[in-house]
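Reader: I should be grateful for a close look at the nonpolar interior of this protein. Please define each term as you use it.

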Amino acid sequence: MDMLTIGAFAKACRLSPKALRLYDELDLLPPARVDPDSGYRYYAVTQLERARLVAWLRRLGMPLAEIREVCRLHDRDSTAASREIRAYWARVEAETAVRRDLAAFLVDHLTADSPESGKDIAMLELRYSAHSDTGRVRPANQDTAYAGTRLLAVADGFGPAGGPASSAAVDALRFLDTDEIPAGGVLNLLEDAVRGAAEAVRAVADGADDVGTTLTAALWTGSRLALVHIGDSRVYLLRDGELFRITHDHTMVQSMVDEGRLTAEEAASHPQRALLLKALTGGDADTLPDLRLHDAHPGDRYLLCSDGLPGVVPDDRIHDLLTSQITPDETVEALVGAANKAGGPDNVSCVVADLVEA
């Protein structure tokens with residue numbers, strides 16, 4: 001067996017001798033042989049592949065516990081190891097996006113008092129409409145949709161008391177629909193409001209874990225939209241003729257897509273596509289929502305909808321309806337009508353809001 005001293009091995013794999021000693025103590029990368037008299041470590045040339053993998057993963061910022069799991073998978077199945085890395089990086093990107101939005105908010109907040117900050121800023125307002133429909137199959141409507149001058153919200157209830165649960169969640173946010181929004185801490189305000197919504201849902205569910213709701217809402221601050229999202233209802237943005245989805249589904253199949261285990265096309269027909277990873281339920285566990293601040297432009301059109309719309313109406317058709325209808329009232333009616341025309345297998349709720357100059 002070809003052997004390398006710890007110094008030569010460190011140079012070949014670009015890990016320091018200090019790091020190699022640490023990885024030996026953690027049983028992540030033990031040497032092939034240790035001299036019984038001097039305690040000097042020797043490594044086999046065949047260990048270079050694992051050492052380089054560890055070095056690359058450390059440069060990604062992956063924690064050592066996760067690196068150990070990737071190495072274990074790599075020994076058996078390199079494809080499984082690659083899925084684990086992809087899943088880790090998807091989490092990093094999501095966390096980075098949250099920090100980026102918070103940094104942008106802090107920059108805006110700390111410069112709000114600048115003499116230049118009030119110049120040439122158009123006064124903007126939302127023009128909106130909301131509509132919720134039972135659909136063609138379900139016996140009752142468990143969705144709730146709300147639109148006001150500041151607050152837009154959609155909730156999709158499930159379980160024996162799904163309707164009251166979705167209504168309770170949205171009602172808990174309605175106090176935000178006021179003329180005055182605090183200048184700072186809007187994300188903290190939303191997070192506190194979601195805690196209140198969670199308590200309201202638990203009260204309705206009376207301890208039943210099979211009762212709950214999704215909750216997706218946007219709060220207009222006068223210059224930006226603050227978004228809160230739990231579950232698989234969605235927010236779409238139509239800007240300059242292009243359609244963007246600006247929320248991420250908290251579902252089992254979406255996590256499998258993120259990890260590379262399913263394609264988007266396979267996810268659309270997967271039997272467990274409605275299985276939620278996050279929701280407000282009757283249980284005691286706190287659910288952390290996605291929170292972000294979104295830059296708003298005059299002319300933006302926003303769509304909040306329950307999964308009863310994208311479940312049967314493809315994104316290109318949603319795009320066509322958002323661009324072809326003039327008013328929010330006409331648009332929500334057309335979107336709900338498209339879902340029902342496609343069979344209406346689920347309740348469907350839509351909120352459409354246009355950002356216009358006052």
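Author: The account below treats the cores and then a helix that packs through one side. This is a predicted model, in which local features need pLDDT of at least 70 and side-chain atom pairs count only at pLDDT 80 or more, while totals for chains, interfaces and linings use all residues. Residues are numbered from 1 along each chain as its sequence is written, and side-chain values use heavy atoms, with hydrogens and water left out.

A nonpolar core is a set of buried Ala, Val, Leu, Ile, Met, Phe, Trp, Tyr and Cys residues joined through side-chain atoms within 4.5 Å; buried means under 20% relative accessible area, exposed over 50%, and partly exposed in between, with a 1.4 Å probe and protein chains only. The largest such core has 29 residues, of which Leu173, Leu190, Leu215, Ala226 and Leu280 touch the most other members. Helix 7 (186–205) is among the elements that each supply at least two residues, and its nine residues form the largest share. Helices (H or I, at least four residues) and strands (E, at least two) are DSSP runs, numbered from the N terminus.

Beyond its neighbours within four places in sequence, Ala226 has contacts (heavy atoms within 4.5 Å) that include Val186, Leu187, Leu190 and Leu293. A second, separate core of 26 residues includes Leu20 and Tyr43.

In helix 10 (residues 315–324), the buried residues are Ile318, Leu321 and Leu322. They lie on the same side of helix 10 because they cover an arc of only 100° around the axis, taken from the directions from the helix axis to the C-beta atoms. Their packing partners include helix 11 (328–341) and strand 15 (348–357).
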